[in-house]
Every structure is written in structure tokens, then in C-alpha cells.
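Got a fold in front of you and want to talk it through? Here it is, followed by a short back-and-forth.

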Amino acid sequence: MEHKIIEHICTSLKGTTQDIKFGTEYCFRVGNKLFCVKTLDTPHQVSFRASRGEIGKLTARNGIVKDQQYNWVKVKDLNALSEREWEYYLRQSYEIISGN
């Protein structure tokens, strides 16, 4: 999975802002709340908020682990999810964080 596709998915969601934190993380926010973080360094890793029911399903896959943030997962291998799954999970994270 090309990391630019993840950026495209995030920025297509209404009201998304982005910035770089700590010089190493590209942060996507809605209402000033994080819903996705992508490392700038390669290999790229992406963390996002997941629903409680999805965390076990996601972390059962190779390349996906629990993140240090509560109810977040970290994808260490971007190919662990298909493009359609990236769209689904990033939108879900956005909706959880934005309250929609």
C-alpha cells in the first residue's frame, strides 16, 4: 500500500487538518482531535482509533499491533490492509473522534 493513498483518504474527510508533530509524525485531526498518525520515516507506520469490537480482529493480523493510545492500533505493515479496508478503518476512526 502506498502511504500517499492513506494521506489522500484522510484529507478527503470533511474538516480534516494536518500537521507535523515532533518532526517525525504526520498528524490528521478533526475538530483538533487526532484520528490518524503516520510516521514520516520509512518504513511508514500508521496509527488510528478503532472501535473496541474491531481491535481484536485487527491485531490478529500480521503487521498490526495495539498502540500505546487507548483503543488505537498501529499498522506496521501498510499492506496488512487493502485500500478498501484503509478507507473503512480511517473513516471509522474519523467518525469515532468527530462524534458523527
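What follows is a set of questions and answers on this predicted model.

Q: In what order do the 6 strands sit in the open sheet?
A: The pairing in this open sheet is antiparallel. β1 (16–21) and β5 stand at the edges with a single partner strand each, so one side of each lacks a neighbour in the sheet. Neighbouring strands are turned by 25° against each other on average, ignoring direction. Reading across, the order is β1-β2-β3-β4-β6-β5.

Q: Which residue in β6 stands opposite V65?
A: β5 and β6 run antiparallel, and 3 bridges join them. Across from V65, in β6, you'll find K74.

Q: What angle does the direction of α2 make with that of β5?
A: α2 packs on the sheet, where the strands it touches are β4, β5 and β6. Its direction and that of β5 make an angle of about 135°.

Q: And which strands does α3 touch as it packs on the sheet?
A: α3 packs on the sheet too, with its direction at about 50° to that of β4. The strands α3 touches are β1, β2, β3, β4 and β6.

Q: Why do the buried residues E54, I55 and L58 count as being on the same side of α2?
A: These three residues of helix α2 (residues 52–59) are buried. In general, an α-helix has 3.6 residues a turn, so residues three or four places apart point the same way. Around the axis of α2, the buried residues are on the same side because they cover an arc of only 115°.

Q: Which exposed residues does the face of α2 turned away from its buried side carry?
A: What covers the buried residues of α2 includes β4, β5, β6 and α3. Turn to the face pointing away from that buried side, and the exposed residues there are R52 and G53.

Q: Which element gives the largest share of the largest nonpolar core?
A: That core has 25 residues, and those with the most contacts inside it are F35, F48, L58, V75, L81, W86 and L90. Two or more residues come from each of α1 (3–11), β2, β3, β4, α2, β6 and α3. The largest share is 5 residues, and it comes from α3.

Q: Which residues does L90 touch, leaving out those up to four places away in sequence?
A: L90 is among the residues with the most contacts inside the largest nonpolar core. Leaving out those sequence neighbours, L90 touches I6, I9, C10, L13, F35, C36 and F48.

Q: Why is the aromatic pair of Y26 and F28 called edge-to-face?
A: The structure holds 5 aromatic pairs. For Y26 and F28, the ring centres are 5.0 Å apart. An angle over 60 degrees counts as edge-to-face, and the planes of Y26 and F28 are at 80°, so the pair is edge-to-face.

Q: Are Y26 and F28 buried or exposed?
A: The cut-off for buried is under 20% relative accessible area. Y26 has 16%, and F28 has 0%. Y26 therefore counts as buried, and F28 is likewise buried.

Q: How many residues apart are F48 and W86?
A: F48 and W86 form an edge-to-face aromatic pair, 6.0 Å centre to centre with 65° between the planes. F48 is buried at 0% relative accessible area, and W86 is buried at 0% as well. The pair links distant parts of the chain: F48 belongs to strand β4 (residues 46–49) and W86 to helix α3 (residues 83–98), so to speak 38 residues apart.

Q: Which residues form one aromatic cluster with F48 and W86?
A: F48 and W86 already make an aromatic pair. Joining them in one aromatic cluster are Y88 and Y89.

Q: Which two residues does a cis peptide bond join?
A: Most peptide bonds are trans. Here, though, there's a bond with omega of about 0°, and P43 lies in the loop between β3 (33–39) and β4. The residues joined by this cis bond are T42 and P43.

Q: N32 has a positive phi although it is not a glycine; is N32 buried or exposed?
A: The phi of N32 is about 65°. N32 is in the loop between β2 (25–30) and β3. With 64% relative accessibility, N32 is exposed.

Q: What about N71, with its positive phi: buried or exposed?
A: N71 isn't a glycine, and its phi is about 65°. N71 is in the loop between β5 (64–66) and β6 (72–75). At a relative accessible area of 9%, N71 is buried.

How values were computed: Residues numbered from 1 in each chain as written. Predicted model: local features only at pLDDT ≥ 70, side-chain atom pairs only at ≥ 80, totals over all residues. Heavy atoms only, no water. Phe/Tyr/Trp six-rings, centres within 6.5 Å; stacked < 30°, edge-to-face > 60°. Buried < 20%, exposed > 50% of the residue type's maximum accessible area, 1.4 Å probe, protein only. Helix = DSSP H or I, 4+ residues; strand = E, 2+ residues; numbered from the N terminus. Arc of directions from axis to C-beta. Contact = heavy atoms within 4.5 Å. Core = buried A, V, L, I, M, F, W, Y, C linked by side-chain atoms within 4.5 Å. Pairing = 2+ DSSP bridges. Axes fitted to C-alpha atoms, helices over the stretch in contact; angles between N-to-C directions.
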